[in-house]
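Student: Got a minute to go through a structure with me? I'd like to hop around a bit and ask things as they come up.
Tutor: Sure, let's put it on the screen.

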Amino acid sequence: MKRFIGIFLGCLLCSTLTWGQVIDKPVARVRLTKPEIITQKQLMRQVELLEQQTRQSVSPEGRKKVLDLKIGEVLVNQAAARDNFRVSDAELAENIEAYKKSVGAPISDAQFRLLVQNQLNMTWEEFLSNMRQRMVQERYILEKKRSIFTDIKEATEDQIQEIYNANATDFTNPLMVRFNHIFFDTRNLGDAERNTALKRAEEALKELRTTPFKDVVVKYSDDAGSKYRGGDFGYLARNDSQRQMLLGKEFFDTVFSLGVNKTSGIIRSNLGFHIVQITERREPKLLGLDDPIFPGSTVTVRQRIKDVVRVQNQQLAFQKALNELVEELKKQAEVIIYEENLNW
């Protein structure tokens, strides 16, 4: 299933806000197959999120538009449930894997879960539930408005060149390093267990004086995904803010201060302790149309531009389909808006 990001306001992202002793009030009542109340608190959350994203206050008229989006979401959810649209666990897992890859450089499942928790401000279970619901919504809209998606335009070579020329300085690779690491996981450990992990790291560091790095990795590392590949972490970009948040500034600063073939001492990160061996260093580079967007990637700048244009056109088609479908569902449903509760 193709993914369309940002269609339903607040469908994937949510925030936990404290509203003190505000008494909840209904702002709308929606019924297609069953009565469902949209509350003032729910609308406040959506408006607050929009204000955070745009850094602008939302006017009373803007609140009505946010509410209309929420009404449309409720109608699509009820219609999809009525018509028995489902998403299997396997489909959900596949979509989450694609979402994880869209983050940028490859990350482990554990790292991705931490990003979900820190950046989306939700538990893993909430993320899965929201992702499944979004997939059901998309599947329903794509099926019911299939004709709209049959003629989505691809970028022409002239468009690709024009976009590249206008944004050439944005197509760059930042400073990057690639390294092997021996990882000692300290997440969810108490002080005594963390000290034990540190002692193991000290033992590994001593063994590196006489033992090849790859052998020490196999013996000590807690990173199951890399320990049988010499501890290969892959490439790390200096401007990767998501990974810096995940690993910590101290880790980043230390890793990027090392030269090629140099081995670090014990480095502390937000995840645990690391011993790092730099295997490659790439200086910043301006990319041409046929350069890969990331070392080792098969996707070129040209392909990325084509993908971006395709997604933009898909989103326009999706928005048109959503608007048409919601208007049709409104004619089948009962929708009551409590205007007096839109003011706070």
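Student: Let's start with Lys330. Is Lys330 buried, exposed or partly exposed?
Tutor: Partly exposed: its relative accessible area is 24%, and the cut-off for buried is under 20%. Keep in mind that this is a predicted model.

Student: Which helix is Lys330 found in?
Tutor: Helix 11, which covers residues 301-332.

Student: And what is Lys330 in contact with, leaving aside its neighbours within four places in sequence?
Tutor: Asp68, Ile71 and Leu75. There's also a long-range link to look at: Lys330 and Leu32 are 298 residues apart along the chain, yet their C-alpha atoms are separated by 8.2 Å.

Student: OK, over to strand 1. What does strand 1 pair with?
Tutor: Strand 1 (residues 26-31) pairs with strand 2 (residues 35-39) in the antiparallel sense, over five bridges. Strand 1 is also joined to strand 9 (residues 334-337), again antiparallel, by four bridges.

Student: How many residues sit between strand 1 and strand 2?
Tutor: Three, and the two strands form a hairpin. One bridge there puts Arg31 with Pro35 of strand 2. Towards strand 9, Ala28 stands opposite Ile337.

Student: Changing topic: the core. Which residues have the most contacts inside the largest nonpolar one?
Tutor: Ile38, Leu67, Leu75, Phe112 and Phe127, in a core of 45 residues. Leu75 is also one of the contacts of Lys330.

Student: Which elements give two or more residues to this core?
Tutor: Strand 1, helix 1 (40-54), helix 2 (60-82), helix 3 (89-101), helix 4 (109-119), helix 5 (124-144) and helix 11. Helix 2 gives the most, with eight residues.

Student: What about another core, apart from that one?
Tutor: There's one of 18 residues, and Phe179, Val255, Phe256 and Leu258 are among them.

Student: Back to Phe112 and Phe127 for a second. Why is that pair edge-to-face?
Tutor: Their planes are at 80°, so the pair is edge-to-face, with the ring centres 5.8 Å apart. The pair links distant parts of the chain, since Phe112 is in helix 4 and Phe127 in helix 5, 15 residues apart. Both Phe112 and Phe127 are buried.

Student: And how are the rings of Trp124 and Phe127 arranged, stacked or edge-to-face?
Tutor: Stacked, with 25° between the planes and 5.3 Å centre to centre. Trp124 and Phe127 are three residues apart in helix 5, so they are separated by about one helical turn.

Student: Why does Trp124 count as buried?
Tutor: Because its relative accessible area is 17%, which is below the 20% cut-off. Phe127 is buried too, at 0% relative accessibility.

Student: Which residues form one aromatic cluster with Phe127?
Tutor: Tyr99, Phe112 and Trp124 are in that cluster with Phe127. Across the whole structure, a search finds 13 aromatic pairs.

Student: Now the four-strand sheet. What order do its strands come in?
Tutor: 5-4-7-6, in an open sheet with antiparallel pairing. Strand 5 and strand 6 are the edge strands, each pairing on one side only. From one strand to the next, the twist averages 35°.

Student: How many bridges join strand 4 to strand 7?
Tutor: Ten, and those two strands run antiparallel. One example is His181, whose bridge partner in strand 7 is Val276.

Student: Which strands does helix 8 lie across?
Tutor: Strand 4, strand 6 and strand 7. Helix 8 is residues 213-220, and it runs at about 40° to strand 4.

Student: Last one: helix 10. Which residues are buried there?
Tutor: Phe251, Phe252, Val255 and Phe256, in a helix that covers residues 249-257. They're on the same side of helix 10, because they cover an arc of only 115° around the axis. Lys249 and Ser257, on the other side of helix 10, are exposed.

Student: And what do those buried residues pack against?
Tutor: Strand 4 (176-185), strand 5 (232-237), helix 9 (241-247), strand 6 (263-268) and strand 7 (272-282). Val255 and Phe256 also turn up in the core of 18 residues we talked about.

How values were computed:
Residues numbered from 1 in each chain as written. Predicted model: local features only at pLDDT ≥ 70, side-chain atom pairs only at ≥ 80, totals over all residues. Heavy atoms only, no water. Pairing = 2+ DSSP bridges. Buried < 20%, exposed > 50% of the residue type's maximum accessible area, 1.4 Å probe, protein only. Arc of directions from axis to C-beta. Contact = heavy atoms within 4.5 Å. Axes fitted to C-alpha atoms, helices over the stretch in contact; angles between N-to-C directions. Core = buried A, V, L, I, M, F, W, Y, C linked by side-chain atoms within 4.5 Å. Phe/Tyr/Trp six-rings, centres within 6.5 Å; stacked < 30°, edge-to-face > 60°.
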